Every structure is written in C-alpha cells, then in structure tokens.
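The following exercises concern salt bridges, accessibility and contacts. Each task is followed by a solution that proceeds step by step.

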Amino acid sequence: MFVNSHTLEKYFRWMYRPLCLYALNITESYEDSEDIVQQIFVELLEKAVAGSLEVGDMKGYLYTVVRNRAVKYAKKNQEKVSMESAMYLTDENALSISVEEEALVWDWIDALPTERRNIFLMAKQQGMKYKEIAMQLDISVKTVEGQMGKALKALRDKAIKIYLFFFG
C-alpha cells in the first residue's frame, strides 16, 4: 500500500509518543529518542511526497525502524555513555541522587504483589533461572515468565510515568 503525506501525518499523531517511549528504553535519553523518531518521520515524509513510500504494516514498520535506529545510536554512543557514567559515579551529588533513585526502585519492588515480588527477587537478586524458581515454588515455568513480565512492566511503567511527569 502506498502511503501519502496525509496518512503519514495520522501515524505521526498516533504513534509519535509511543515510538519515543520505545526508543527511550533503548537509548535512555528522551531527547535522543525524540530526535530519532522525528528524523524517521522526516525521511518517510520525503518518500511519501515523492510517491515512493510503500508499506504494508505501517505500525510494525515504524517500530522496527525505530528499534534499529535506537540500537545503532546506543551502540555508537556506548563508549561515550561509559565515560559519562564513570564521571557521574565520582560526583558526590550524583551519588546521593543515585542512592535516592535506588530507594525509589526498592519501594516500587516492595509494592509488587508478594508472589510476583518473590519471583522477581529470586530471578534478579539471586540470579536464579526461571526453571529453578518454578521448581522451588512448585509452579510452572510459564507462571514464572508471566509474573516476571508483569513485574518488569509495572516497574517500567512507573519509571516512564515519573520521567514524563518531570520531563514530558
């Protein structure tokens, strides 16, 4: 299906924010995530105006392109981020913020339902495999996977909401 500029504008309005959040999970920088998504839409608009934009599943296509660009960006900037992280850890103010952030994450973990929290901590803190957790708790591996997915989603959603509250 050929995509025109009007259709692309609808996708932009509908998908811009979710695509930025998706890229944010990879780049860990909202500004860079916005830049990536905006650049993709600019390139697509140029193709649409030229009449050469043909996409079957636009939503899937957008997520794939955003993922690829964000991963490429993250790899390119990984060394830079490592240097900044090292500098961050030597800064006393940054270290105190880091402690506060860690306390907040632990509060979120404590707020998880008991079984979900236990499964999450067994996997992340104790490094247990899902199969080991399932055997120890006498539940299925699928249950462990489901509970881990729900725990990670809850923690990610809280982090994104707080980020957007302050910076969105």
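**Exercise 1.** Determine whether D157 is buried, partly exposed or exposed, and describe its salt bridge with K153.

Solution. Step 1: The relative accessibility of D157 is 29%. Buried means under 20% relative accessible area, exposed means over 50%, and partly exposed lies in between, with a 1.4 Å probe and protein chains only. D157 therefore counts as partly exposed. The model is a predicted one, in which local features need pLDDT of at least 70 and side-chain atom pairs count only at pLDDT 80 or more, while totals for chains, interfaces and linings use all residues. Residues are numbered from 1 along each chain as its sequence is written, and side-chain values use heavy atoms, with hydrogens and water left out.

Step 2: A salt bridge requires a side-chain nitrogen of Lys or Arg within 4 Å of a carboxyl oxygen of Asp or Glu. Between D157 and K153, the closest N and O atoms are 2.8 Å apart.

Step 3: Both residues belong to helix α7, where four residues, about one turn of the helix, separate them. Helices are DSSP runs (H or I, at least four residues), numbered from the N terminus. K153, at 46% relative accessibility, is partly exposed.

**Exercise 2.** State how many salt bridges the structure holds, and explain what the pair R69 and E43 ties together.

Solution. Step 1: There are four salt bridges in the structure.

Step 2: In one of them, the side chains of R69 and E43 meet at 2.5 Å, N to O. Because R69 lies in helix α3 (residues 58–90) and E43 in helix α2 (residues 30–50), this pair ties together parts 26 residues apart in sequence.

Step 3: R69 is partly exposed at 30% relative accessible area, and E43 is partly exposed at 28%.

**Exercise 3.** Locate the salt bridge of K142 and E145, and assign each residue its exposure.

Solution. Step 1: The closest N and O atoms of K142 and E145 are 3.8 Å apart.

Step 2: Both lie in helix α7 (residues 141–167), three residues apart, about one turn of the helix.

Step 3: K142 is exposed, at 64% relative accessible area, whereas E145 is partly exposed, at 36%.

**Exercise 4.** Is T27 buried or exposed, and which residues does T27 contact?

Solution. Step 1: T27, found in helix α1 (residues 5–27), is buried, with a relative accessible area of 11%.

Step 2: Contact means heavy atoms within 4.5 Å. Apart from neighbours within four places in sequence, T27 is in contact with S33, I36, A70 and Y73.

Methods: Helix = DSSP H or I, 4+ residues; strand = E, 2+ residues; numbered from the N terminus.
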